[in-house]
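Welcome, and thanks for opening the viewer. Keep the selection tool at hand, and we will walk from stop to stop together.

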Amino acid sequence: HALVLVAIGRTTSHPNQHGKGANLEDSIYVRVWPYVCSLASHSDSIIRALFRELLLQCCRLFSNRDCREQNEKTRAARYLVDALFEALAGHQASKRAQAAEALAEFVNWTCKQM
């Protein structure tokens, strides 16, 4: 949870950063989003509630109009959507349902901001 918040903070405060920091954040997002999707559908209600809200808030954040440019926010949003589609293709019903809800939230907020 904290790792995602730190990466988002760095991405939003330095959106056009190019260099080692950008590559590090890319690798963080690539590795973290599948775990966030899994934890958002965890069997423990406290873990599920914490990560479900984080996932939905990230969907709202990365659906922002600023993410339509080619920068770190765009790549983070792409990695998030890739992780959601990967979860949709999985075998766990709860994970698929959570990924579908998050993807619907992402699309809904994207349409609202057009």
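**Stop 1: the aromatic rings**

How many aromatic pairs does a search of the whole structure find? In this predicted model, the search comes up with three. Select Tyr 29 and Trp 33 to see one of them: the rings are stacked, with 5.5 Å from centre to centre and 10 degrees between the planes. Both residues belong to helix 2, where four residues, about one turn of the helix, separate them.

Are these two side chains buried or exposed? Tyr 29 has a relative accessibility of 2%, so this residue counts as buried. Trp 33 is buried as well, because its relative accessible area is 0%.

Keep Tyr 29 selected and add Phe 62. These two rings form an edge-to-face pair, 6.1 Å centre to centre, with 85 degrees between the planes. Follow the chain from one ring to the other and you will see that this pair links distant parts of it: Tyr 29 is in helix 2, Phe 62 is in helix 3, and their positions lie 33 residues apart. Tyr 29 and Phe 62 are both buried. Now show Tyr 29, Trp 33 and Phe 62 together, and you have a cluster linked by ring pairs.

**Stop 2: around Trp 33**

Centre the view on Trp 33. Which residues is Trp 33 in contact with, once its neighbours within four places in sequence are left aside? Select Val 4, Cys 58, Phe 62, Ala 76, Tyr 79, Leu 80 and Ala 83 to display them.

Trp 33 is also a good way into the largest nonpolar core, a set of 27 residues. Colour Trp 33, Val 36, Leu 55, Phe 62, Leu 80 and Leu 84, which touch the most other members of this core. Where do the core residues come from? Helix 2 (20-39), helix 3 (45-62), helix 4 (72-88) and helix 5 (93-112) each give at least two of them. Helix 4 supplies the largest share, with eight residues.

**Stop 3: helix 4 against helix 5**

Hide the rest for a moment and show helix 4 and helix 5. Their axes come within 8 Å of each other and cross at roughly 145 degrees. The crossing is left-handed. To see the contact, pick Val 81, Leu 84, Phe 85, Ala 87 and Leu 88 on the helix 4 side. On the helix 5 side, add Lys 95, Arg 96, Ala 99, Ala 100, Ala 102, Leu 103 and Phe 106.

Next, move to Ala 89, in the loop between helix 4 and helix 5. Ala 89 counts as exposed because its relative accessibility is 63%. Draw a distance from the C-alpha of Ala 89 to that of Ala 99: the two residues are 10 apart in sequence and 9.6 Å apart in space.

**Stop 4: charges over rings**

Two more selections show a charged residue and a ring.

- Select Arg 78 and Tyr 79: Arg 78 lies over the face of the Tyr 79 ring, at 5.9 Å from the ring centre.
- Select Lys 112 and Trp 109: Lys 112 lies over the face of the Trp 109 ring, at 4.8 Å from the ring centre.

**Stop 5: along helix 3**

Bring helix 3 back and begin with Ile 47, which has its place there. Ile 47 counts as partly exposed, because its relative accessibility is 27%. Not counting residues up to four places away in sequence, Ile 47 touches Leu 39 and His 42.

Leu 54 is also in helix 3. Its relative accessible area is 7%, so Leu 54 is buried. Add Val 4 to the selection: Leu 54 and Val 4 are 50 residues apart in sequence, yet their C-alpha atoms are 8.9 Å apart.

End this stop at Leu 61, another residue of helix 3. Leu 61 is partly exposed, with 27% relative accessible area. Thr 110 is 49 residues away from Leu 61 in sequence, and 9.7 Å away in space, C-alpha to C-alpha.

**Last stop: the whole chain**

Zoom out and show everything. The protein chain has five helices and zero strands, and from the N terminus on its elements run α-α-α-α-α. Of its 114 residues, 41% count as buried. Among contacts with a separation of 6 or more, 62% join residues 24 or more positions apart.

Methods. Residues numbered from 1 in each chain as written. Predicted model: local features only at pLDDT ≥ 70, side-chain atom pairs only at ≥ 80, totals over all residues. Heavy atoms only, no water. Core = buried A, V, L, I, M, F, W, Y, C linked by side-chain atoms within 4.5 Å. Buried < 20%, exposed > 50% of the residue type's maximum accessible area, 1.4 Å probe, protein only. Helix = DSSP H or I, 4+ residues; strand = E, 2+ residues; numbered from the N terminus. Contact = heavy atoms within 4.5 Å. Phe/Tyr/Trp six-rings, centres within 6.5 Å; stacked < 30°, edge-to-face > 60°. Lys NZ or Arg CZ within 6 Å of the ring centre and 35° of its normal. Axes fitted to C-alpha atoms, helices over the stretch in contact; angles between N-to-C directions. Left-handed = near helix turned anticlockwise from the far one by under 90°.
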